Amino acid sequence: MIKFINNYLKIDSKNNSLIIAKHDNRSELVYYGKKLADHSDYSYFSSGCKDKCFASNCDHTNIRSVIASNGECAQKSSSVGVVKNGIFSNRFEYVSANIVDGFYSPLPNARNKGQTVCLEYVDVISKATLKQYFTVFDDCDVIATHTEVINTCECPITVNKLMSLQLDFIALEAKISTFDGTWTNERTRHNTHLTGGRFEISSALGITSAEHNPFMIVEINGGVMGFNLVWSGNHKEVVEISPYGRVRVQTGMNDYQLNYELKPGEKLVAPEAVMVYAKEEKTVTNQMHKFILNHIINPNFAYKDRPVLINNWEGTYFDFTGDKIYEIAEKAASCGIEMLVLDDGWFGVRNSDDCSLGDWVDNVEKTGGLKNLADRIKSLGMKFGLWVEPEMISPKSDIFEAHPEYAQAIPGVEPIERRWQLCMDLCNPEVLEYLSDVLIKLFKETGVDYVKWDHNRSMSDVYSKCLDNQGKYFYNYYVNQYELLKRITEACPNVLFESCSSGGCRFDMGIQYFMPQCWGSDNTNAFDRLFIQEGTLVGYPQSTMGAHVAAANTLPNINIESRFNIAAVGAFGYEFDITKSTDSELDIIKKQVSYYKEHRKLLQYGNYIRLGSIFDSDLTGWMLVSDDKCEAMAVVVDKTENGRFKYQRFSFAGLEETALYKVSMRPQANVDGIFEFTAYGDALMNGGLDFYSMVNCEIKEKEESGRFASRMFHIKKIN
Ligand code: GLA
């Protein structure tokens, strides 16, 4: 609910309040935290609002703000910069605040909005207008916000900075968690205790990147806040502490190479940012998950069963024929697997990764005809999925020969190749038309049920012959990329899309708006996945994270039962050559798939609660609990050298204290016996269970090189 109370704008979500004071020409952030009752006055929160200040360097008159103009005699980062006639300084002054029906944005933004308020500011120097929107939702505590600059001047202006969210707090320290990494090590958690100066993460790679995910947690004065962006391009998150005892948090698109010219009447709309406040991180996680499922994911797929798939990539790489793929599908179908995904190598002359991207024509000689292969696979009762990498072009391709100008490249300069490929220039409308025509035709004619949409290199040499100013490139790229995804997903409403970017290098809410799943990482080693998955699930729901059981040729050698326990917390599948599996392995897979399907609703959509943390303990785990707490799944993992839950205790979480539950361990091929017991919720959550003695079953084979063990449990309320 959004209300105006005297001079205050009170933006209430279910349990949080954000209160902004409206002064004559300034807006002041006076409160963000637990929901407050409606009072007529909040002036006791105010830091004062002095336009003139006696101090020479005044940390902008000490008021806490939700926007900050460039060049306002302040040390901390500004949130908006507009240049007119060579003047870089701005002074955006508050004009009005009104409840509005919504807003226009060329970028994806939250669906099913509740109320929205728009604050308007005018720059007394350039006369440009800044609008700032705040939206609340009926069902969760997330508040969404973004800004836009409108050229209300008589001549062109240039925007060189436009952050989406800014919050100021009175504090001298902040604890920050970010989810950073590399290719094959995405979204691993890093904690920073900031007591002064400026902390910044960003991407300038043209994708959100593995290096720094835009999701960030900041703890200030005992309150835990989560921040994220509905955006897939360059981004920037800042936490800054001034010696005057102010902490500023900002998030938005990166101003790297941003020089966005606006003619009179034109506007630039920043990506939508989201924030949530709670007393505990687990509530931030829960609210972010709810928000993504209810307001970001395509409603055709949110809460829908995600199929158990088999992907041929790690099984065959480029070395396959249509018959080989069919054999894989046949074996997989006999184990109950529901979909075959044909990965890279089915098109053009692509038998290695140095050619054919952009030639989206099937290699009939190799596949026996794509449509024919899809039909054969469907005749097994399976769905058919296909890999594409539309935003790329290989210099060795027919399309490049015909249209070299489709590639991102600066005229007269040899562009940098990565994985022997270049990015398509999506700022060129012809590229958008080409890709939407060719892909819609391909998906429809083949009858695909699923698409894995890859993006395997970061951007360099950004240039489009279609732009008069290359400072628009990174923004306009995504305007058109999202338009492409909109056209394709609307033309193929029943196709499930999974985003991939060299694994998980573009894992964000902007892409999830169109693609309900993102491949978590090219690293399918179950041990490493524990870190990647724990980091990912702090901010993103498990149904959005692709996770597969892969071949066992990684270290440590983790048993297929544990590989299952770990992958089964995501959009689940297998990724190896199943035609090489022995009968006993096939039997294990069959049982796993059937168990997964039986508990799929909870595994994919149960409320995720972390037990312990792989980052700081040997024993870790997670639970997936139904809304009514009547049923839950749990996974417990012990990674100690000598393993077997040795002397380790842990408790379940998220259950009803007074309810009686039956706990059943999933039967594992490497463990003898069936383990079941009943206990009350309070005991399960507080007792500290000794799993080694409690499980009380012999381990048949030496488990996972003696250094790794895991169990999955089903927990059901019986009274
Ligand atoms: C990327 C993806 C992989 C696979 C290959 C195919 O690396 O992350 O899963 O699809 O491309 O080339």
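## The ligand and its surroundings

Let's start at lysine 452, where a polar side-chain atom lies 2.7 Å from an oxygen atom of the ligand. Keep in mind as you look around that this is a predicted model.

Lysine 452 has company. A polar side-chain atom of arginine 419 is placed 2.9 Å from a ligand oxygen, and aspartate 522 brings a polar side-chain atom to 2.5 Å from an oxygen atom of the ligand. Here are these contacts side by side:

| Residue | Distance from a polar side-chain atom to a ligand oxygen atom |
|---|---|
| Arginine 419 | 2.9 Å |
| Lysine 452 | 2.7 Å |
| Aspartate 522 | 2.5 Å |

How much of the ligand does the protein bury? On its own the ligand exposes 300 Å², and 95% of that is buried by the protein. As for its location, the ligand sits in the largest pocket.

Stepping back to the whole shell, 13 residues surround the ligand, and those that come nearest are Asp343, Asp344, Lys452, Gly503 and Asp522. By character, the shell holds six charged residues, four nonpolar ones and three polar ones.

A word on confidence is useful too. The chain has a mean pLDDT of 93, with 94% of its residues at 70 or more. Where should you read the model with care? One such stretch is residues 51-56, where pLDDT stays under 50 and the model has six contacts beyond four places in sequence. Another is residues 700-705, also with pLDDT below 50, for which the model shows 22 contacts beyond near neighbours in sequence.

Methods: Residues numbered from 1 in each chain as written. Predicted model: local features only at pLDDT ≥ 70, side-chain atom pairs only at ≥ 80, totals over all residues. Heavy atoms only, no water. Near = heavy atom within 4 Å. Polar contact = N/O pair within 3.5 Å; in protein donor to acceptor, adjacent residues only side chain to side chain. Areas by Shrake-Rupley, 256 points an atom, 1.4 Å probe, with all protein chains shown as cover. 1 Å grid on protein atoms, 1.4 Å probe; cavity = no way out; pocket = protein on both sides within 12 Å on 5 of 7 lines; lining within 4 Å. Sits in = over half its atoms within 2 Å of the grid points. Nonpolar A, V, L, I, M, F, W, Y, C, P; charged D, E, K, R; others polar. pLDDT = per-residue confidence, 0-100. Contact = heavy atoms within 4.5 Å.
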